[in-house]
Amino acid sequence: MRVLVSLAFRRLWHQRGRWGLFAVGVALVVAIPVTTAALARSVDARAVRRTIAALSASDRELTVSQETDSVQRRGTSASNNADVRRQLSRLSALPVVRELAFRPLVVAGAAMTLGGADQLSRWTRLTSGRAPASCTPTRCEVLVVGGGDTAALRRAAIQVGVVVVGVAAARTPALAAGAGAQPGTPLLLAASADEIARLSALALFSRHLVWTGAVDADRVVALGVQRWVARAADVSAVLADRDAATIDAPTYQLQAIEIRADASARRLALLGGFAAVLLLGFAVVAAVGLRRDGVLLNEVLRRRGATAGRTAAATAVQTAAACAVGAVAGFVLGATLAAAVSRGTGLTGLGVALHAVEDALVPAALLTVATAAVGVAVLLWAQARTVGRALDVIVLVCLGAAVLAAARGSASADGLSARADPLIPALPVLSCVAAGLVAARLWAPTMRVAERLLPHRSLAGRIALVGAVRRPLRPVATTAFLTAAITSVVFAGAYRSTLLANDADQAAFQVPLERTVAPGLGKPAPTSVPGAGKGVDVYPVLRTAASVTRLAGVVDSVPVVAVDAAALPRMARWSRTTGAAESAADVARQLRRPLPALPKLPAGARVLTIDATGADPQTSIAVWVRAADGRPATGGRRAGAEQRVDLRIRDGALVGKLPDLGAGPLSVAAFGVAEGGDYATHHEHAINEGNSDQPLLSGRLLLGAVRTDGAIAPWSWSSWGAAGGAATATTRTLRFAYRLSGTTAVAAPDYAAAQAAELPVVVDPGTALDAHGGELDLRLDSETSIRARVVLTMPRLPTTSGAFVLADRAVFQRLVDLSEPGRNATEFWVAGSSAALTSALAHSGLAVASRAVVQARLDDDPIGEGARLLLALVALLALAVAAVALMLTVVGERRDGAGELYAWEADGVRPRLLRRVLAVRALTVVAVAAPIGVGAGLLLARIGTRLVAVDAAGTSPRPALEVSLGSAWSVLALVAGVGAGLLAGWAVAAAALRERHPVAAEVELR
């Protein structure tokens, strides 16, 4: 045994250059899973930090609450305080604010929130007055924290024994959050929670204690989300049991990011396995280069009496030793790269490296054993017939597994996280292996055909092909490896480009134009976009819900999105976000319908007067006006909005003040009569509190001449009408009969034409099934129903999820005005930008979403960046080793074919021609591998993006991934990598056969 080991190591040392190359391949194989594990941990840490930083101030707090009068409370205030702080220190190393707060008080008409905070000077910055110096049961000095300091407040505070001595600004939002102060209510804080609790004037008032601290991102990252959440649950149980306290922590938000990170880690591991398999192929190519000398030496050993088992054992020891050295080097390299990728995460490089080595130990060991086994097999048994049969079996297995994976459907983010189906995410590895082995199997037949097709004068090509076909092992192995490498490069480039394109798709799906302006939290819908001016176009969007009857008794609720058709051609990435075959311009054209012009009032009019007979004081009468049709919306007026103008009865006429909607005339959209507020209240009380029903309010109105600012306006009532024939119109008058039952009786211009019109809509395929003969009955409420005609279907509509109805806002609003005028835009889509717009929106209090900001946030997502980085690394690594493999092909052909080349040169063939022979043999590998690799990579990218339906951030995106092949960098990198390998091989070939005389082949058997 000692002899075998000694022989193995002597062979290693004697051929250290080639075995060193094999060990380098093993080192790279081992370094990949270590680096992947480190990258996954680093990505997780960055994602956690980003999530915590993005939380609102209230969500970013750890808050412990305790009711001081709870019967379950045990221990003293001091012991409770110590226990709570001890438990919070398990979750965060950041300082904790302890406050006692009374419930909001109203004293002498002044509202206030009163409390006390320990170490008040630490948490506040004094802006006027002085800090509190004392707090007794009868007189306690406080600061007004924030705003609201008034003389009335100070006088009221004195009545409860509180004296305001200064005003301060809070250094942390935890002060107001802990005290439970409401916006706009002054916050008064003493310098001690315990001392303010003894205030005699409020002895009978309830109060509570609050400990508030910020979530410590360093602690969360160090523990990991799962351990931190588990610890938070344990802290919650301990506090509830010991101190009758509850804790509020952002566990749901952190668990959500953990799910994403887990899906990303699975994908990173998949890509790492992808690279490891690729590098395993490189190790095989390197082993092929060692086979000739190994076979010759084993033959000599057998002639000298060594058994086949002993020679095989020597080869195994030799291979295992090289693999062991490579594995150690791989762990060192992986740990070094792990420390490098940990920068900026808050984790120590050593900690990340050790964690990565621990996580990758088992897969790295398995890869090392696999590499050693494959190396021994190549060195001992790699005959052409054996290789061919093995390739056939492996190809069939890989193709079968790939087909099975494709047949199982797609893998979502949940599926990746749950590890539901390992075959689907393993599809890229299976496909690359299958593509490489198919190319290897096709190499020999392709070369035989090429040999027949080559002209006889191409002596270098014929010699190269004949020699290569006779010794196919090296070119076959290199072809398989190069094909897999090219497949991986094309797939990685296309998939990386697809992920980046999907970020843009998601941003355009959420914000179709440059910006979306919507109401702020708790605020009404905006009526205009401040700061919009020249170069900025504003498109109002009206959203509502409609009921669609599918079957008798089965009703679907479908969101209706009514937007100006002119906005559709300006929507970003139309075909990708909607999936529509039709262009945006075609869809806009089919949604538009010609509308009769609404009656107009003169520009600049301020007072509207309508001659009227029969007006009832118990009714509420109004008209709805809007800016005249066709004018662009600007920020200075209500963009496309209808505004109600209440009309008062005065001297036989209806009089109302017109709004200022900007320059130009106003259009009148509708006229309505409803129950007056007082009458409606009395009527409802009479019905609900009495024993009998009450008659409905009804009447007849005769409307005549229309004046603006006292002057007769050009006006015609002839086209006006109302539901049920309640309006009789002539050019000069409108007789309007109404009968009110809690709704508004409406008369509108061009009523008959509008009533007969259908609303053109675009719907999703599911909603299209609810249409009968292409018609949909959209019921907005009990009084408003619209007949719609489905003109197109689209798979999806930006800003919606699932079913939708898309309509032109002008047509939709015109039809809605027949029964319910005044429905206005709920948001605005804004195209174009300006400094004035940006500044105005920043201070408007509106909810503003920017497509550029959304896309930047998606692009900068740590999980997405990690996935794209690993894809780029896989591609670059594949190109590097592919270039080396091509160079090794020429080197190996020169060494293994030395006898053949010597014979050709001795027969008179010029060395220059033989050098071309060596270069052509490298070209034969590229000629087969390149087209198969490119085709397989493109096919894999197209299929893979559909099956692995997860975006760069580890979520299931909407819209779904759609393959993008427009990545110029991958094409350039592919050409550069393969070209570099060919140039290196050509350089090796050019340097060969430069001796003065032919040199016979030598066999080194020492």
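Hi everyone, let's start with one residue: Phe736 is buried, with a relative accessible area of 2%. Keep in mind that we are looking at a predicted model.

Who is the ring partner of phenylalanine 736? Phenylalanine 671 forms an aromatic pair with phenylalanine 736, and the pair is edge-to-face. The ring centres are 6.1 Å apart, with 75° between the planes. Phenylalanine 671 counts as buried too, at 0% relative accessibility.

Now find these two along the chain. Phenylalanine 671 sits in strand β19, residues 666-675, while phenylalanine 736 belongs to strand β24, residues 734-740. They are 65 residues apart, so this pair links distant parts of the chain. Tyr738 joins in as well: Phe671, Phe736 and Tyr738 make up one aromatic cluster.

Next, please look at two tryptophans, 715 and 717. Their ring centres lie 5.4 Å apart and their planes meet at 65°. Why do we call this pair edge-to-face? Because the angle of 65° is over the cut-off of 60 degrees. Both tryptophan 715 and tryptophan 717 are buried. In total, the count of aromatic pairs is five.

Let's move on to the cysteines. How many disulfides does the count give? The count is one disulfide. This disulfide joins cysteine 135 to cysteine 140, with an S to S distance of 2.0 Å. The link is left-handed, with -105° about the S-S bond.

Are these cysteines buried or exposed? Cysteine 135 has 13% relative accessibility, which is under the 20% cut-off, so cysteine 135 counts as buried. Cysteine 140 is buried at 0%. Cysteine 323 is another buried cysteine, with a relative accessible area of 2%.

Thanks for listening!

Technical notes. Residues are numbered from 1 along each chain as its sequence is written. This is a predicted model: local features need pLDDT of at least 70, side-chain atom pairs count only at pLDDT 80 or more; totals for chains, interfaces and linings use all residues. Side-chain values use heavy atoms; hydrogens and water are left out. A disulfide is a pair of cysteine sulfur atoms within 2.5 Å. Buried means under 20% relative accessible area, exposed over 50%, partly exposed in between (1.4 Å probe, protein chains only). Rings of Phe, Tyr and Trp (its six-membered ring) pair if their centres lie within 6.5 Å; planes under 30 degrees apart count as stacked, over 60 as edge-to-face and the rest as tilted. Helices (H or I, at least four residues) and strands (E, at least two) are DSSP runs, numbered from the N terminus.
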